[in-house]
Amino acid sequence: MSEPVSSVAVLTPVGRGAVATVRWCGPADVLDEAARGLFRAASGQSLTAQPLHRIVYGQWGTVAVEDVVVCRTAEEELEVHCHGGVAAVRRIVGDLVAAGGREVSWQVQQSQRTSGLEAELQMALSRTSTRRTVEFLLEQLTGGLLASARGWRRLSWGNDERRQAAEAIAEMLRWECFGRHLAEPWRIVLTGRPNVGKSSLINALLGYQRAIVFDQPGTTRDVVTGETAFEGWPVVLADTAGLREADEQLEAVGVARAREAVAGADLVLVLIDVSQPATPADLELLAGHPDAVIVAHKSDLPDRWGEFRPAGALPVSSVTGEGVQELQRRLMVRLIPQTPRPGAAIPVTGRQVRLLTAMLTALRQPTADAWLAALEAFWSGGEFA
Ligand code: GDP
């Protein structure tokens with residue numbers, strides 16, 4: 001068997017910061033003065049003599065000495081917390097590479113030090129953006145999904161156990177859509193004729209000037225997006241160019257992108273401008289999106305839609321702010337009608353959903369072979385062949 005390779009990875013984001021963290025996965029004595037002179041604890045004790053999780057203050061290097069904090073986080077693993085400047089980080093990484101480590105990304109190091117499933121959850125955690133989504137993802141790591149997977153690895157092929165596992169997996173799969181959005185914002189696409197006020201409404205929803213507003217139809221030629229959170233849930237708002245027959249080349253590109261944006265949306269918002277009489281294009285758009293949330297926009301101006309106004313349309317004005325909060329609430333009720341109970345195990349990636357589906361099918365087989373193969377893939381971060 002080949003020797004395990006020591007690795008070094010920078011855990012903090014690229015660029016300058018106040019503090020940076022470098023993780024070393026390998027023997028701690030590499031850092032001890034006696035061996036290489038990389039780190040000297042202020043207490044004078046060698047690192048290997050320090051208990052796990054003790055925060056050890058000391059100095060790095062013998063020339064251009066730098067104050068750092070080192071913490072052993074596992075038998076063969078430690079973190080160096082150093083100055084966040086790029087040069088300081090590169091120097092520590094360089095010293096550890098010279099001491100025999102291989103520099104890898106934090107994602108690669110994470111997959112080497114934990115199960116693929118745990119690494120996948122941690123990567124999802126690094127991409128998520130609100131406290132609410134962080135809480136759900138942390139629950140998957142501290143119990144939830146990881147604990148369920150651990151339990152399944154001990155499953156004997158008895159009927160009761162299989163039935164219970166099948167029920168648990170079916171329940172998890174109910175939250176597939178919710179779970180996948182914990183690391184990827186819900187996507188709301190605004191559509192409507194040119195000049196109905198899509199850019200203005202995006203600005204009103206985001207609370208700052210993001211899109212360019214002009215009163216010439218067709219000035220929003222491309223898909224403009226803005227990320228925010230409604231009620232603590234991350235959402236991306238995409239503003240499309242008017243979906244209409246394009247008469248110019250440039251506009252045609254925008255219209256094609258707009259169609260793509262609508263196709264990839266979790267929810268479509270159709271805007272109508274109630275200050276202008278209904279046009280066939282408006283009615284076509286409404287008919288084409290029967291599930292859309294409808295906004296009766298420019299509600300501060302006199303209504304010229306009369307009987308054509310769709311029943312459920314919400315009056316909103318981006319100028320006065322009328323209806324904007326209620327719109328946010330309606331959007332979230334549509335996107336997240338229910339949330340899982342706290343602590344519930346839920347899949348958070350497409351891969352997890354695919355494998356849980358395969359595992360559910362495998363539980364109905366007379367032998368455990370397919371189940372074990374799917375479970376192993378689920379646990380290790382692979383795919384089911
Ligand atoms: P888009 O082409 O659909 O993105 O429309 P814009 O956001 O560029 O808005 C077109 C015009 O309508 C601009 O002159 C806006 O100032 C105006 N407008 C947008 N929303 C409202 C609103 O709620 N009330 C009124 N009175 N005017 C609005």
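The following exchange goes through a few labels used for this predicted model.

Reader: Why is the pair of Trp152 and Trp371 called edge-to-face?

Author: The ring centres of Trp152 and Trp371 are 6.2 Å apart and their planes meet at 75°; centres within 6.5 Å make a pair and an angle over 60 degrees counts as edge-to-face, so both parts of the label apply. This pair also links distant parts of the chain, since Trp152 belongs to helix H5 and Trp371 to helix H13, 219 residues apart.

Reader: Why is the pair of Trp157 and Trp371 called tilted?

Author: For Trp157 and Trp371 the centres lie 6.4 Å apart and the planes stand at 45°; that angle is neither under 30 degrees nor over 60, so the pair counts as tilted.

Reader: What makes the pair of Trp157 and Trp371 a tie between parts of the chain?

Author: Trp157 sits in the loop between H5 and helix H6, whereas Trp371 sits in helix H13, so the pair ties together parts that are 214 residues apart in sequence.

Reader: How do you know whether Trp371 is buried or exposed?

Author: The relative accessibility of Trp371 is 1%, and buried means under 20%, so Trp371 counts as buried. Trp157, by contrast, has a relative accessible area of 22%, which lies between 20% and 50%, so Trp157 is called partly exposed.

Reader: Why are Cys25 and Cys71 called buried?

Author: Cys25 has a relative accessible area of 13% and Cys71 a relative accessibility of 11%; both values are under 20%, so both residues count as buried.

Reader: How many disulfides does the structure hold?

Author: The structure holds zero disulfides.

Key
Residues are numbered from 1 along each chain as its sequence is written. This is a predicted model: local features need pLDDT of at least 70, side-chain atom pairs count only at pLDDT 80 or more; totals for chains, interfaces and linings use all residues. Side-chain values use heavy atoms; hydrogens and water are left out. Rings of Phe, Tyr and Trp (its six-membered ring) pair if their centres lie within 6.5 Å; planes under 30 degrees apart count as stacked, over 60 as edge-to-face and the rest as tilted. Helices (H or I, at least four residues) and strands (E, at least two) are DSSP runs, numbered from the N terminus. Buried means under 20% relative accessible area, exposed over 50%, partly exposed in between (1.4 Å probe, protein chains only). A disulfide is a pair of cysteine sulfur atoms within 2.5 Å.
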